[in-house]
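Visitor: I should like to know on what grounds the descriptive terms are applied here. Please show me the structure before we begin.

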Amino acid sequence: DGGVNVYIGNEPLIQGGLLRAALGDDYRVVGLAFGHGSFHATDAGVSEPRDEDVKVFHAGPPAAGTVEHTLDRVGGHAWFLDLRTAPPAAHAWLDTPRPKREIGTHWPRDPDPVDLVRSADAVVYVPGIRPNLLLPRV
């Protein structure tokens, strides 16, 4: 896709980890996970996307075994979890790489293995999402 993929072992290092490495330990990363919905993105593999490359994608309910599937079971509302203070049983689950939707500017379709504790300080979970309003260029 023209980007640089950085890995720790077999696990991809996401942007928050790269920023923490550059900015220091006081930098905090808040991750987002969602159950289902639609959003704007480009297809995977589009390098240097143009406005016309952006389209609406839909993600159905999360598959069993994914981060989102487990987080979705907590309840039917949006919530926030500080991963730094999670109870030991939750911390052990959160500190294991599991498939998670990682959507940046493109929709990769296949989830990446993500260790939440190593990639974020907190996570916001939203059961459903919808596309943002695209503003015209000025």
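Visitor: What makes up the exposed surface of the protein chain?

Guide: The protein chain exposes about 8800 Å², and carbon and sulfur atoms supply 56% of it; accessible areas are obtained by the Shrake-Rupley method with a 1.4 Å probe, and for residues only the protein chains shown count as cover. The model is a predicted one, in which local features need pLDDT of at least 70 and side-chain atom pairs count only at pLDDT 80 or more, while totals for chains, interfaces and linings use all residues. Residues are numbered from 1 along each chain as its sequence is written, and side-chain values use heavy atoms, with hydrogens and water left out.

Visitor: Why is T42 called buried?

Guide: A residue is buried under 20% relative accessible area, exposed over 50% and partly exposed in between (1.4 Å probe, protein chains only). T42 has a relative accessible area of 2% and is therefore buried. Of the 138 residues in the protein chain, 28% are buried.

Visitor: Which residues are in contact with T42, leaving aside its neighbours within four places in sequence?

Guide: Contact requires heavy atoms within 4.5 Å. On that basis T42, which is found in strand β3, is in contact with P49, D53, V54, F57, T105, H106 and W107.

Visitor: How many helices and strands does the protein chain have?

Guide: There are four helices and nine strands, where helices (H or I, at least four residues) and strands (E, at least two) are DSSP runs numbered from the N terminus. Their pattern along the sequence is β-β-α-β-β-α-β-α-β-β-β-α-β.

Visitor: What makes β3 and β9 a pair?

Guide: Two strands pair if DSSP finds at least two bridges between them. Strands β3 (residues 30-43) and β9 (residues 122-129) have seven bridges in the parallel sense, and so they pair. In this pairing G37 of β3 stands opposite I129 in β9. Strand β5 (residues 79-82) is joined to β9 by four bridges, and these two run antiparallel; here L81 stands opposite V123.

Visitor: What qualifies residues for a nonpolar core?

Guide: Such a core is a set of buried Ala, Val, Leu, Ile, Met, Phe, Trp, Tyr and Cys residues joined through side-chain atoms within 4.5 Å. The largest has 13 residues, and L71, L83 and L116 have the most contacts inside it. Two or more of its residues come from each of α2 (67-72) and β9. A second, separate core has six residues, among them F34, A41, F57 and A59.
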